[in-house]
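The following note is offered to a colleague who is meeting this structure for the first time. Its points are numbered so that each may be read beside the sequence and the model.

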Amino acid sequence: MGARQYTGSPEDADIRRADSLAREIFSDVATKWALLIIEALGERTLRFSELRDEVQGISHKMLTQNLRMLERNGLARRTVHPTIPPRVDYALTEPGQGLRATIDLMCGWTHDNIAHIEASRRHFDT
């Protein structure tokens, strides 16, 4: 299943425009919690509690809000299993996996540059 052709206006796809759909999507997914949730899901399916354990420091409320946002934007899929009690799993969709590849690059960049950034912060803070 490949990427679908965008049929909206060029203005809606321009991330630099304050009123664009692209800016709204970017604002949704370019947050600390969203990035960490996407990275934690990776290529796995996780239950809510497993995901909360993976993303240390996230509150129940923030995890719920971010999972809903990711689902709304078609980046995560929520599956409810008809058991008692109901079991709910979360996984990334194909577009979510594509975004994860970008996040992996950011994680690699952070790893490669952490010593430089740490030294710069020490210098700046003195």
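1. Pro85 is placed in the loop that lies between strand 2 and strand 3. The peptide bond joining Ile84 to Pro85 is cis, with an omega of about -5°. The coordinates belong to a predicted model, and these values should be read accordingly.

2. The two strands on either side of this loop, strand 2 and strand 3, form a hairpin with 5 residues between them. Their pairing is antiparallel and extends over 6 bridges. One point of reference within the pairing is Thr79, whose bridge partner in strand 3 is Asp89.

3. The hairpin belongs to an open sheet of 3 strands, which has the order 1-3-2 and antiparallel pairing. Strand 1 (46-47) and strand 2 (76-81) are the edge strands, each of them pairing on one side only. Strand 1 is joined to strand 3 (residues 87-92) in the antiparallel sense over 2 bridges. Here Leu46 stands opposite Tyr90 of strand 3.

4. Turning to the helices, helix 2 (residues 32-41) and helix 5 (residues 94-125) have axes that come within 9 Å and cross at roughly 105°. Helix 2 is therefore roughly perpendicular to helix 5. From helix 2, the residues Leu35, Ile38 and Glu39 take part in the contact; from helix 5, they are Gly96, Leu99, Arg100, Ile103, Asp104, Met106 and Cys107. By class, this contact comprises 6 nonpolar residues, 1 polar residue and 3 charged residues.

5. Helix 2 also meets helix 4, the two axes coming within 10 Å and crossing at roughly 75°. This pair, too, is therefore roughly perpendicular. Trp33, Ala34, Ile37 and Ile38 of helix 2 are in contact with Met62, Leu63, Asn66, Leu67, Met69 and Leu70 of helix 4. The contact of helix 2 with helix 4 consists of 9 nonpolar residues and 1 polar residue, with no charged residues. Ile38 deserves attention, as this residue appears in the contact with helix 5 and in the contact with helix 4.

6. A further partner of helix 4 (residues 60-72) is helix 1 (residues 21-29): their axes come within 10 Å and cross at roughly 145°. The crossing of helix 1 and helix 4 is left-handed. Glu24, Asp28 and Val29 on the side of helix 1, and Met69, Leu70 and Arg72 on the side of helix 4, make the contact. These residues divide into 3 nonpolar and 3 charged, with no polar ones. Met69 and Leu70 of helix 4 serve in this contact and are also listed in the contact with helix 2.

7. A final point concerns confidence. The protein has an average pLDDT of 92, and 94% of the residues score at least 70. Confidence is lowest in helix 1, where the mean is 90, and highest in helix 4, where it is 98. The contact of helix 1 with helix 4 thus brings together the elements at the two ends of this range.

Methods. Residues are numbered from 1 along each chain as its sequence is written. This is a predicted model: local features need pLDDT of at least 70, side-chain atom pairs count only at pLDDT 80 or more; totals for chains, interfaces and linings use all residues. Side-chain values use heavy atoms; hydrogens and water are left out. Axes are lines fitted to C-alpha atoms, for helices over the stretch in contact, and angles run from 0 to 180 degrees between N-to-C directions. Helices (H or I, at least four residues) and strands (E, at least two) are DSSP runs, numbered from the N terminus. A crossing is left-handed if the near helix is turned anticlockwise from the far one by less than a right angle, and right-handed if clockwise. Contact means heavy atoms within 4.5 Å. Ala, Val, Leu, Ile, Met, Phe, Trp, Tyr, Cys and Pro count as nonpolar, Asp, Glu, Lys and Arg as charged, and the others, Gly among them, as polar. pLDDT is the predictor's confidence in each residue, from 0 to 100. Two strands pair if DSSP finds at least two bridges between them. Angles under 35 degrees count as roughly parallel, over 145 as roughly antiparallel, 65 to 115 as roughly perpendicular and the rest as oblique.
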